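Work through the following exercises with the model open beside you, and try each task before reading its solution.

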Amino acid sequence: QVQLVESGGGLVQAGGSLRLSCEVPERIFSNYNVGWFRQTPGKEREFVARISWDGGITDYADSVKGRFTISRDNAENKVYLQMNSLKPEDTAVYYCAAKIGIISFVRPDEYDYWGRGTQVTVSS
């Protein structure tokens with residue numbers, strides 16, 4: 001089932017920027033932590049970033065730290081991922097996921113709800 005909806009992916013040259021959006025159902029938005037993951041063919045889904053239910057805590061994978069920023073807009077029930085200084089290795093399908101509690105936020109199996117994903121392609 002599709003609980004979240006991602007958007008904002010596209011094609012960009014290396015060094016460029018994109019902003020991804022994740023629309024979260026109102027019934028879970030105020031109580032769930034939200035994370036971003038990415039996946040390429042033949043590889044396992046990897047953690048990118050997460051934000052706590054109140055927006056007070058954020059965490060990032062080492063590979064994106066300093067380049068990506070996750071944020072929440074409570075008025076619109078959306079979570080954003082601002083991606084700057086993009087590299088070809090950032091190319092992947094990006095997924096938004098929600099988790100009511102925080103146990104191990106880097107593990108995909110810990111999340112309860114997912115979106116269908118949005119493609120990000122970074123050319124050299």
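The exercises below treat the nonpolar core, two buried residues and the aromatic rings.

The model is predicted, so local features are restricted to pLDDT of at least 70 and side-chain atom pairs to pLDDT 80 or more, while totals for chains, interfaces and linings use all residues. Residues are numbered from 1 along each chain as its sequence is written, and side-chain values use heavy atoms, with hydrogens and water left out.

**Exercise 1.** Determine how many residues the largest nonpolar core has, and which element gives the most to this core.

*Solution.* Begin with the terms: a nonpolar core is a set of buried Ala, Val, Leu, Ile, Met, Phe, Trp, Tyr and Cys residues joined through side-chain atoms within 4.5 Å, where buried means under 20% relative accessible area, exposed over 50% and partly exposed in between, with a 1.4 Å probe and protein chains only. The largest such core has 34 residues, and those with the most contacts inside it include Trp-36, Val-48, Phe-68 and Tyr-94. Next, assign elements, which are DSSP runs numbered from the N terminus (helices H or I, at least four residues; strands E, at least two). Among the elements that give two or more residues to this core are β4 (33–39), β5 (46–51) and β9 (92–99), and β9 gives the most, with six residues.

**Exercise 2.** Find where Val-48 and Asp-90 lie, and which residue each of them touches in common with the other.

*Solution.* Val-48 is found in strand β5 and is buried, with a relative accessible area of 1%. Asp-90 lies in the loop between β8 and β9 and is likewise buried, at 0%. Contact means heavy atoms within 4.5 Å; leaving out residues up to four places away in sequence, Val-48 touches Arg-38 and Phe-68, among others, and the residues touched by Asp-90 also include Arg-38 and Phe-68.

**Exercise 3.** Describe the pair formed by Phe-37 and Trp-114, and state which residues form one aromatic cluster.

*Solution.* Rings of Phe, Tyr and Trp (its six-membered ring) pair if their centres lie within 6.5 Å, with planes under 30 degrees apart counted as stacked, over 60 as edge-to-face and the rest as tilted. By this rule the count comes to seven aromatic pairs. Phe-37 and Trp-114 form a tilted one, 5.2 Å centre to centre with 55° between the planes, and this pair links strand β4 to strand β10 (residues 113–114) across 77 residues. Both Phe-37 and Trp-114 are buried. Finally, the cluster consists of Phe-37, Phe-47, Tyr-95, Phe-105, Tyr-111 and Trp-114.
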